[in-house]
Structure formats: structure tokens, C-alpha cells
Amino acid sequence: MKISENCLFCAIIAGKIPSTKVYEDEYVFAFRDINPQAPTHILVVPKEHIGSMDEVNSENSVFAAKIFEVIPKIAAQKGLANGYRVISNCGPDACQTVHHLHFHILGGTQLADRMA
Ligand code: 5GP
Ligand code: ZN
């Protein structure tokens, strides 16, 4: 498993920085966003360090596949039966601030109809 020194989310996965964990398995870690933008705001990340969507490739895509299996389970567990939004910001134009691939699950309210 590749991890990165000086990566905030690698440190959270390793338990070096505390987080409110909502899910963990061999491939995937999920935790509450520290600055929630919706009543439910969860970050779902691969346990391997992948810098962004741009770094997903045939070698590591199992992590992306596992993340997409887990997202509906978390959504159901958190009661998001009326819907939710999944976002991954990639690069400066998308305002990516943490350079470890992550998917935001946003829900628990009626979200804006425009995404940007
Ligand atoms: P981005 O802007 O890269 O798509 O999203 C990064 C997210 O990470 C932001 O929503 C931000 O609130 C969240 N975040 C940044 N630092 C921490 C932290 O230390 N703990 C947690 N739980 N979330 C964080
Ligand atoms: Zn990382």
C-alpha cells in the first residue's frame, strides 16, 4: 500500500490525526468533513495515496471501484434515502485543497440545483 509522508489524509487514515470515522475496510476509509457544507458531509478516500482523479489508472483503479461500492452503503446507513451528491474536486480550477483523492458525499437537505 503506497502512502505519502506529509499527506493529511494519509495521516488521518493511519490514525495520526484524529477524525470521526464512519467506515473502514481494506481499501476504503470514510470520515466526517471537518467543515461540513451540508447536514451530512462525508469524505470517502482510498487507503492508498492517490493524488487526485488525474492519478487513477489501471494499476490502482480497484480503489476507485471499491469506493463506488461503499458510497451507496454509507448513504443508506446515514439515512440519505431522498438523495445525495458525490463530488471529487480535481486540480486548481475545481479548488482541490487536499491532494489525496477523495469523494465528498453531501446530503441531508435539498441541495442547490446548480453545481458551480
Ligand atoms: P477539497 O477542497 O480538496 O475537495 O476538499 C478537502 C476537504 O477536506 C474540505 O471539505 C475540508 O473541509 C476537509 N478537510 C480539510 N482538513 C481536514 C481535516 O483535518 N479533517 C477533516 N475531517 N476534514 C478536513
Ligand atoms: Zn495521502
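Modeller: Strands, written β, are DSSP runs of E with at least two residues, and they are numbered from the N terminus. With that in mind, we can read this predicted model, in which A38 lies in the loop between β2 and β3.

Biologist: Is A38 buried or exposed?

Modeller: A residue counts as buried when its relative accessible area is under 20%. A38 has 12% relative accessibility, and therefore it counts as buried. Although A38 and L106 are 68 residues apart along the chain, their C-alpha atoms are separated by 5.9 Å.

Biologist: Which elements each supply at least two residues of the lining of the largest pocket?

Modeller: They are α1 (8–13), together with the strands on either side of that loop, β2 (28–32) and β3 (40–46). The largest share, three residues, comes from α1. The pocket itself has a volume of about 370 Å³, and of the 22 residues that line it, those closest to its centre are F9, D33, I34, L43 and V98.

Biologist: How do the lining residues divide into nonpolar, polar and charged?

Modeller: Ten of the lining residues are nonpolar and ten are polar, while two are charged.

Biologist: Turning to the surface, which residues make a nonpolar patch?

Modeller: F68, Y84 and V86 make such a patch, of about 260 Å². The first of these names, F68, has its place in helix α2, which covers residues 61–77.

Biologist: Why does F68 count as partly exposed?

Modeller: Partly exposed is the class between buried, under 20%, and exposed, over 50%. F68 counts as partly exposed because its relative accessibility is 48%.

Conventions
Residues numbered from 1 in each chain as written. Chains lettered and ligands numbered in written order. Predicted model: local features only at pLDDT ≥ 70, side-chain atom pairs only at ≥ 80, totals over all residues. Heavy atoms only, no water. Patch = residues over 30% accessible without salt bridge, like charges linked within 9 Å, V, L, I, M, F, W, Y side chains within 5 Å. Areas by Shrake-Rupley, 256 points an atom, 1.4 Å probe, with all protein chains shown as cover. Salt bridge = Lys/Arg side-chain N within 4 Å of Asp/Glu carboxyl O. Helix = DSSP H or I, 4+ residues; strand = E, 2+ residues; numbered from the N terminus. Buried < 20%, exposed > 50% of the residue type's maximum accessible area, 1.4 Å probe, protein only. 1 Å grid on protein atoms, 1.4 Å probe; cavity = no way out; pocket = protein on both sides within 12 Å on 5 of 7 lines; lining within 4 Å. Points joined across faces, edges and corners; volume = space filled by probe spheres on them. Nonpolar A, V, L, I, M, F, W, Y, C, P; charged D, E, K, R; others polar.
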